[in-house]
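Trainee: I should like to examine the terms used to describe this model and the grounds for each of them. May we take them in turn?
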Amino acid sequence: MKKTAHNGILNGLMRHPVCTSTIPTSPCADNTINPIRGLVDNLVINPNPDKPFLRLSIGDPSVFGNFDPPPQVIKAVADNLTTSCYGYVPAHGLVSTRSAIAKYYNTASSPLTSNDVFVTSGCSDALRIAMDCLGSEKRNILLPKPGFSLYQTIAGNRGIPVKFYDLDPENNWSIDLNQLESLIDENTAAILVTNPSNPCGSAFSVQHQRDILSVAEKHGLPLIADEIYQDMVYDGESKSFGELSEHVPVLSCCGLAKRWLIPGWRVGWLIAHDRHNRLSKVRDGLTKLCQVIIGANVLIQGAVPQILETVPQSFYDDTLKRLKSASEVVYSELKDCPQLRPFKPQGAMYMMVQLKIDQFEDIGDDMEFVEKLITEQSVFPLPANIFGIPNYVRLVLTVPEDILREACQRIVEFCDQHKAAVPRKISRIEVAP
């Protein structure tokens, strides 16, 4: 064969040793940690084969089929499917969608226009964009403890340092404002608040919201408000932080997932409440960050105006009535168990239950409680250490009543089987930090 330069190159490549070294990942990937996934990966899950497996762990209202979206939601998408919804739209959302959201949340105290709204791929994407826009490797964000674990996932992914302020279970999970204020320094970028709360099921009083805003105003800080459960308060007044704020800029994150019971449709929104134009640069940043994924699902966001316009108030009222009823069922089933202390929720879809570890003979923490509960009783609540608080479990309330009662009865039976004859002394090692 005639020797050519091409053949020489091929021969050189053939003689080169094959590289077998592992391809490294980026710090962005290495620092992206979802505490829930870490828990599930490490949790020993071996349900009792003689008992149906009852999951009280997943905050998805669609799982059991008893919390369906209203027919108006389905019709809105079906109607929108016949329109021109096939192409790209502005990355921060259709003007018609942003206008409808602004109209829906507009109040006399916090007037809104389409320019204040950014459509996102779910509320979690709105949170990501807000945290990305305000935080940095040198600018920290204050997070609630206990709090939704995704906040840490987003911060770790971007290298944003975080500090944790405490929620007080003895005071309806309100914020310890003195401790919150002690965490603020010259590098604090924002305070993130959740109301109503996942995982606590709590809802701040309006006065407490005003007190939180006063702390933010004193230090010139904006709020990132996770308000995915906005208006999902069982009784009493419900206000958004943006509506209440007079001087503090608020980035409110919300979406279709919970109130409209369609978490898989992945459309949310971020609303900039900014009465004094302090967020002029932030708005540009939010628009740029929306361009990273070139916008949210066009079919679903195009249906949002019709959804907001046509879903009747009776649907929202019925959802809250059923959630409150479920919370009362769980509370009544667990309140007399000596090893447990359930906390009555005021909103959202969850109940926190404290484990009195010293009342158990052979259980050292919430992780061990859940592992043994699954193995013996096939009931799966979430251990709350993933939310930043030890020796609690979170129960989901969107479960059919018969399953809720069965699960609670199994939990009580389990506690009785593992009760301590005499309360144990808990060593410092057994109490998670």
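The dialogue below sets values against the criteria behind the terms.

Mentor: Please bear in mind that this is a predicted model.

Trainee: Why is helix 13 called roughly parallel to helix 15?

Mentor: The axes of helix 13 (residues 313-334) and helix 15 (residues 401-417) cross at roughly 20°. Angles under 35 degrees count as roughly parallel, so helix 13 is termed roughly parallel to helix 15. The two axes come within 9 Å, and the crossing is right-handed.

Trainee: Which residues of helix 13 and helix 15 meet?

Mentor: From helix 13, A326, V329, V330, E333 and L334 take part; they meet E401, L404, R405, C408, Q409, I411 and V412 of helix 15. By class, this contact comprises eight nonpolar, one polar and three charged residues.

Trainee: What makes strand 10 and strand 13 edge strands?

Mentor: The open sheet consists of four strands in the order 10-11-14-13, with antiparallel pairing. Strand 10 (340-343) and strand 13 (382-383) each have a single partner strand, so one side of each lacks a neighbour in the sheet.

Trainee: How do you know that strand 11 and strand 14 pair?

Mentor: Pairing requires at least two bridges. Strand 11 (residues 350-355) and strand 14 (residues 392-396) are joined by five bridges in the antiparallel sense, so they satisfy the criterion. Within this pair, M351 stands opposite L395.

Trainee: Does the criterion also settle the case of strand 4 and strand 5, or what is the number of bridges there?

Mentor: Strand 4 is joined to strand 5 (residues 174-175) by two bridges, and the two run antiparallel. The threshold is at least two, so this pair also counts. L167 faces I175 in strand 5. Strand 4 and strand 5 form a hairpin with five residues between them, and N172 in the turn has a positive phi of about 55°. With strand 3 (residues 140-145), strand 4 (residues 162-168) pairs in the parallel sense over five bridges, where P144 stands opposite Y165.

Trainee: Why is L261 called buried, and why is N277 called exposed?

Mentor: L261 has a relative accessible area of 2%. Buried means under 20%, so L261 is buried. N277 has 52% relative accessibility; exposed means over 50%, so N277 counts as exposed. L261 lies in the loop between strand 8 (250-255) and strand 9, whereas N277 is in the loop between strand 9 and helix 11 (280-290).

Trainee: What is notable in the phi of L261 and N277, neither of them a glycine?

Mentor: Most residues other than glycine have a negative phi. L261 has a positive phi of about 65°, and N277 has a positive phi of about 55°.

Trainee: What makes V63 partly exposed?

Mentor: V63 has a relative accessible area of 43%. Partly exposed covers the range between 20% and 50%, so the term applies to V63. V63 lies in the loop between strand 1 (54-55) and helix 4 (71-81). The C-alpha atoms of V63 and V399 are separated by 8.3 Å, although the two are 336 residues apart along the chain.

Trainee: Which peptide bonds are cis at P146 and P196?

Mentor: The bond from K145 to P146 is cis, with omega near 5°, and P146 lies in the loop between strand 3 and helix 7 (150-158). The bond from N195 to P196 is cis, with omega near -15°.

Methods. Residues are numbered from 1 along each chain as its sequence is written. This is a predicted model: local features need pLDDT of at least 70, side-chain atom pairs count only at pLDDT 80 or more; totals for chains, interfaces and linings use all residues. Side-chain values use heavy atoms; hydrogens and water are left out. Axes are lines fitted to C-alpha atoms, for helices over the stretch in contact, and angles run from 0 to 180 degrees between N-to-C directions. Angles under 35 degrees count as roughly parallel, over 145 as roughly antiparallel, 65 to 115 as roughly perpendicular and the rest as oblique. A crossing is left-handed if the near helix is turned anticlockwise from the far one by less than a right angle, and right-handed if clockwise. Contact means heavy atoms within 4.5 Å. Ala, Val, Leu, Ile, Met, Phe, Trp, Tyr, Cys and Pro count as nonpolar, Asp, Glu, Lys and Arg as charged, and the others, Gly among them, as polar. Buried means under 20% relative accessible area, exposed over 50%, partly exposed in between (1.4 Å probe, protein chains only).
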